[in-house]
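User: I am new to this structure and would like to understand the reasons behind the words used for it. Could you take me through them step by step?

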Amino acid sequence: MLPTPFLTNMQQLTDEPVWARLEAWDRIRSEFLGLDPDPSDRTGKGFRHS
């Protein structure tokens, strides 16, 4: 399971996304797919419903 910008290590919702948590995903994309980080990965709104 990869870290998500919307949950803490204790699986609690964050107030604001922590985009640095996508680092593992970015490395996997680069190493195995030869792709740069995708800016659309950083456009999510999270799990909160209004």
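User: Why is D26 called buried or exposed here?
Analyst: This is a predicted model, and in it D26 has a relative accessible area of 13%. Because buried means under 20% relative accessible area, D26 counts as buried.

User: What makes the contact between R42 and D26 a salt bridge?
Analyst: The side chains of R42 and D26 come to 2.4 Å, taken from N to O, and the cut-off for such a pair is a side-chain nitrogen of Lys or Arg within 4 Å of a carboxyl oxygen of Asp or Glu, so the pair qualifies as a salt bridge. The pair links distant parts of the chain, since R42 is in the segment after α1 and D26 is in helix α1, with their positions 16 residues apart in the numbering.

User: How do you know which class of accessibility R42 belongs to?
Analyst: R42 has a relative accessibility of 28%, and the partly exposed class lies between under 20% for buried and over 50% for exposed, so R42 counts as partly exposed.

User: Which side chains meet in a salt bridge at 2.8 Å, and where do they lie?
Analyst: R27 and E23 meet in a salt bridge at 2.8 Å, N to O, and both lie in helix α1, four residues apart, which is about one turn of the helix. The structure holds two salt bridges.

User: Why do R27 and E23 carry the labels they do for accessibility?
Analyst: R27 has a relative accessible area of 58%, and as exposed means over 50%, R27 is called exposed. E23 has 43% relative accessibility, which falls between the two limits, and therefore E23 counts as partly exposed.

User: What makes R29 a case without a salt bridge?
Analyst: The nearest side chain of opposite charge to R29 is D41, which is 4.5 Å away, and because a salt bridge needs the nitrogen and oxygen within 4 Å, R29 has no salt bridge although R29 is buried. R29 is placed in helix α1, and leaving aside its neighbours within four places in sequence, R29 is in contact with G34, L35, D36, P37, D38 and D41.

User: Why is F32 called buried or exposed, and what surface feature does F32 help to make?
Analyst: F32 is found in helix α1, which covers residues 23-33, and with a relative accessible area of 62% set against the cut-off of over 50%, F32 is therefore exposed. Together with L2, W25, I28, L33 and L35, F32 makes a nonpolar surface patch of about 570 Å².

User: What is said about the phi of Q11, and how accessible is Q11?
Analyst: Q11 has a positive phi of about 65° although Q11 is not a glycine, and its place is in the segment before α1. At 43% relative accessibility, between the limits of 20% and 50%, Q11 counts as partly exposed.

User: How many helices and strands are there, and what describes the protein chain as a whole?
Analyst: The protein chain has one helix and zero strands, and its C-alpha trace spans about 35 × 20 × 15 Å along its principal axes. Buried residues make up 16% of the 50 residues, while the chain exposes about 4300 Å², of which carbon and sulfur atoms supply 56%. The mean positions of its 6 positive and 8 negative charges are 4 Å apart.

How values were computed. Residues are numbered from 1 along each chain as its sequence is written. This is a predicted model: local features need pLDDT of at least 70, side-chain atom pairs count only at pLDDT 80 or more; totals for chains, interfaces and linings use all residues. Side-chain values use heavy atoms; hydrogens and water are left out. Patches are made of residues with over 30% relative accessible area and no salt bridge: like charges are joined within 9 Å, nonpolar side chains (Val, Leu, Ile, Met, Phe, Trp, Tyr) within 5 Å. Accessible areas come from the Shrake-Rupley method with a 1.4 Å probe; for residues, only the protein chains shown count as cover. Helices (H or I, at least four residues) and strands (E, at least two) are DSSP runs, numbered from the N terminus. Buried means under 20% relative accessible area, exposed over 50%, partly exposed in between (1.4 Å probe, protein chains only). Lys and Arg count as positive and Asp and Glu as negative; His and the chain ends are not counted. The place of a charge is taken as NZ of Lys, CZ of Arg, CG of Asp or CD of Glu. Contact means heavy atoms within 4.5 Å.
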